[in-house]
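The exercises below are meant to be worked through with the coordinates open, and each is followed by a solution in steps. Please attempt every task before reading on.

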Amino acid sequence: MRTPRPVVALAMGTALLTGCSAGKESAAPELPSSTCFGVFTPAELAPFMGTGDEVRVDSPPDLSLNVSRTKAICTIDVDGKPRLTATAQRRPAGQEVTWGSEVEKHRPDVLPYADQSRLWDSGSAVVVPCKAPEGDFDLVLFIDAVPDGLKQEERRPAFAALMKKFMESARQQTGCGA
């Protein structure tokens, strides 16, 4: 049975408009205090949200993946436009890692803290080997976002920091041992 995911929609209205004229952009949207499986704070995600009035977060409350719930996806849209996607998937241990052309076309780096990983200017992916009492498994974590609020040289470090936090939370929430 599929667990329903709560959807949080926040309408910011005209209070966030930076000016009254039609030429002014609205301010950055306000995010819930905890988003994407309870992992990220509004401050961590602010550089990826752009400007807008309405935020929609579609995410399960946690990353408690197991043999029957193998995948969790969080999406954040601002004014109907995708801004961030974070995905966690549990799969059998030791499967070959294939990043695919969509990732490789960005000339990715390897994260300094994860051998099976990719880091590019608009995202990051990693495979985390896990040991658990019910059997070993791999966690595949993926973050993709629109980094409009970051300078070019800030993008990869920002995604590396997000992924490190995502990995730590995913390990804890899924019962992933060393």
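**Exercise 1. Overall composition**

What percentage of the 178 residues in the protein do buried residues make up? Establish also the order of the secondary structure elements and the share of contacts that span a long stretch of sequence.

Solution. The model is a predicted one, and this should be kept in mind at every step. Taking as buried any residue under 20% relative accessible area, one finds that 39% of the 178 residues fall in that class. The next step is to count elements, which gives 3 helices and 7 strands, arranged along the sequence in the pattern β-α-β-β-β-α-β-β-β-α. As for contacts, among those with a separation of 6 or more, 57% come from residues 24 or more positions apart. Finally, the exposed area of the protein is about 9,600 Å², and carbon and sulfur atoms supply 52% of it.

**Exercise 2. The disulfides**

Determine how many disulfides the protein contains, and describe the geometry and placement of each.

Solution. With a cut-off of 2.5 Å between cysteine sulfur atoms, the count comes to 2 disulfides. One of them joins C36 and C74, whose sulfur atoms are 2.0 Å apart, and the angle of -60° about the S-S bond makes this link left-handed. Because C36 sits in the loop between β1 and α1 while C74 belongs to strand β3 (residues 71-78), the pair ties together parts that are 38 residues apart in sequence. Both of these cysteines, C36 and C74, are buried.

The other disulfide is formed by C130 and C176, again with sulfur atoms 2.0 Å apart, and its angle of -95° about the S-S bond is likewise that of a left-handed link. This pair links distant parts of the chain, with C130 in strand β6 (residues 123-130) and C176 in the segment after α3 (152-174), 46 residues apart. C130 and C176 are both buried. If the bonded cysteines are numbered in sequence order, the pairing reads 1-2, 3-4.

**Exercise 3. Two residues with positive phi**

Is C36 buried or exposed, and is R107 buried or exposed? Give the backbone setting of each residue as well.

Solution. Begin with the backbone: C36 has a phi near 50°, a positive value in a residue other than glycine, and phi of R107, also not a glycine, is near 50° too. C36 is placed in the loop between β1 (7-11) and α1 (42-49), whereas R107 is placed in the loop between α2 (101-104) and β5 (117-120). Turning to accessibility, C36 counts as buried because its relative accessibility is 1%, while R107 counts as exposed because its value is 70%.

**Exercise 4. A hairpin and its side chains**

Describe how β5 and β6 are joined, and then work out which way the side chains of β5 point.

Solution. The two strands β5 and β6 run antiparallel and are joined by 4 bridges; they form a hairpin with 2 residues between them. One of the bridge partnerships is that of W120 with G123 in β6. For the side chains, the general expectation is that in a regular strand they alternate between the two faces of the sheet. In β5, S117 and L119 point one way and R118 and W120 the other way, and all are buried.

**Exercise 5. A buried aspartate**

Locate D138, assess its burial, and list its surroundings.

Solution. D138 is found in strand β7 (residues 137-145), and it counts as buried because its relative accessible area is 5%. A polar atom of the D138 side chain lies 3.0 Å from the backbone nitrogen of G94. Setting aside neighbours within four places in sequence, the residues in contact with D138 include R90, R91, Q95, V127 and C130.

**Exercise 6. The nonpolar cores**

Identify the residues with the most contacts inside the largest nonpolar core, and the elements that build this core.

Solution. The largest nonpolar core has 40 residues, and those with the most contacts inside it are F37, I76, L84, L141, I143 and F166. The elements that give two or more residues to this core are α1, β2 (54-58), β3, β4 (81-92), β6, β7 and α3, with α3 giving the most, at 7 residues. Apart from this core lies another, of 5 residues, among them W99, V103, W120 and A125.

Notes: Residues are numbered from 1 along each chain as its sequence is written. This is a predicted model: local features need pLDDT of at least 70, side-chain atom pairs count only at pLDDT 80 or more; totals for chains, interfaces and linings use all residues. Side-chain values use heavy atoms; hydrogens and water are left out. Buried means under 20% relative accessible area, exposed over 50%, partly exposed in between (1.4 Å probe, protein chains only). Contact means heavy atoms within 4.5 Å. Accessible areas come from the Shrake-Rupley method with a 1.4 Å probe; for residues, only the protein chains shown count as cover. Two strands pair if DSSP finds at least two bridges between them. A polar contact is a pair of N or O atoms within 3.5 Å; within protein, one must be able to donate a hydrogen and the other to accept it, and residues adjacent in sequence count only if both atoms are side-chain atoms. A nonpolar core is a set of buried Ala, Val, Leu, Ile, Met, Phe, Trp, Tyr and Cys residues joined through side-chain atoms within 4.5 Å.
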